[in-house]
Amino acid sequence: GVTWEWASDGLVRVDSLTDLVVDPTDDDVLYAGGIDGVHKSTDGGASWRLSDRGFRVELPDVVALATTSDGQTLFAATRGSAVYRSLDAGETWEWVNAGLKNYQARDVLVDPSDDNVVYLATYGGVYKSTDKGSTWRLASNGLYSPFIEQLAATPDGNHVYASTADHGLYHGQPSASTGATFPTAALQLAPEPTH
């Protein structure tokens, strides 16, 4: 980070980029998400090309990207409540919304310990998939707020964290049977002002 150089050649709308991920198996392969979809670079960002085969709308408005540990499966969450999946390193995309409600998506996270487990932050709560995005179920037990902004997980996948737009941070405990439970005791609220 001491010096920087321009790495946006081929990006269509550089003013609307929202997320960037690097292939875990190849440092030269990057993906950038934005209003016009997903761009892919195979030369460390020296050049980019639009990777939008399979997106259902012209401007999908991708807000978050995630990749599995082998770099072959990618997820793109959109502001328009759709989730797309690529099984071929971003060459083609498919719509994978089975079980999801029509809520705006905010973030997507692949479990660091299991490529089949994916979490989705939406303005309707947290959703979880245990089959690499093919189906989803609500995983918001214990959450006071449905407005989930971001997700994070520990490397072993035993702890999931969710930040909200209005009630702070939650600590979740994943479960194969219930999705994820966020104990109410983990809610971090500012203390009430004293008068």
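**A walk through the strands, loops and ring pairs**

Ala-105 has Thr-122 in β10 as its bridge partner, and this is a convenient place to enter the structure, which is a predicted model. The bridge belongs to a longer contact, for strand β9 (residues 105–110) and β10 run antiparallel and are joined by 5 bridges. Thr-122 also has a bridge partner in β11, namely Gly-125. β10 and β11 pair in the antiparallel sense as well, over 5 bridges, and they form a hairpin with 2 residues between them.

How many of the residues of β10 are buried? The strand is mostly covered, with 5 of its 5 residues buried. In a regular strand the side chains alternate between the two faces of the sheet. In β10, Val-118, Leu-120 and Thr-122 lie on one side and Tyr-119 and Ala-121 on the other, and since residues on both sides are buried, both faces of the strand are covered.

Just beyond this strand, the loop between β10 (118–122) and β11 holds Tyr-123. To see what its ring does, we can turn to the aromatic pairs, of which a search of the whole structure finds 3. One of them joins Phe-55 and Trp-93, whose rings are tilted, with 5.3 Å from centre to centre and 35° between the planes. Phe-55 lies in the loop between β4 and β5, while Trp-93 lies in the loop between β7 (83–86) and β8 (94–95), so this pair ties together parts that are 38 residues apart in sequence. Phe-55 and Trp-93 are both buried. Another pair is formed by Tyr-123 and Phe-147, which meet edge-to-face, with 5.4 Å from centre to centre and 90° between the planes. This pair, too, links distant parts of the chain, since Phe-147 sits in the loop between β12 and β13 (148–153), 24 residues apart from Tyr-123. Are these two residues buried or partly exposed? Tyr-123 has a relative accessibility of 26% and therefore counts as partly exposed, and Phe-147 is partly exposed because its relative accessible area is 34%.

Ring pairs also link Phe-55, Tyr-84 and Trp-93 into a cluster. Tyr-84 leads us to another part of the structure, because it stands in β7 opposite Ala-76. Strand β6 (residues 74–78) pairs with β7 in the antiparallel sense over 4 bridges. Both strands belong to an open sheet of 4 strands, in which the order is β5-β6-β7-β8 and the pairing is antiparallel. β5 and β8 are the edge strands of this sheet, each pairing on one side only.

A further antiparallel pairing joins β13 to strand β14 (residues 160–164) over 5 bridges, and here Leu-151 stands opposite Ala-162 in β14. The hairpin of β13 and β14 has 6 residues between the strands, and within this hairpin Gly-157 takes a positive phi near 75°.

Most residues other than glycine have a negative phi. Which residues other than glycine have a positive phi near or about 60°? One is Asp-61, with a phi near 60°, found in the loop between β4 (49–50) and β5 (62–67). Asp-61 is buried, because its relative accessible area of 18% falls under the 20% cut-off. Another is Lys-132, which has a positive phi of about 60° and is found in the loop between β11 (125–129) and β12 (137–138). Lys-132 has a relative accessible area of 22%, and so it counts as partly exposed.

Methods. Residues are numbered from 1 along each chain as its sequence is written. This is a predicted model: local features need pLDDT of at least 70, side-chain atom pairs count only at pLDDT 80 or more; totals for chains, interfaces and linings use all residues. Side-chain values use heavy atoms; hydrogens and water are left out. Buried means under 20% relative accessible area, exposed over 50%, partly exposed in between (1.4 Å probe, protein chains only). Rings of Phe, Tyr and Trp (its six-membered ring) pair if their centres lie within 6.5 Å; planes under 30 degrees apart count as stacked, over 60 as edge-to-face and the rest as tilted.
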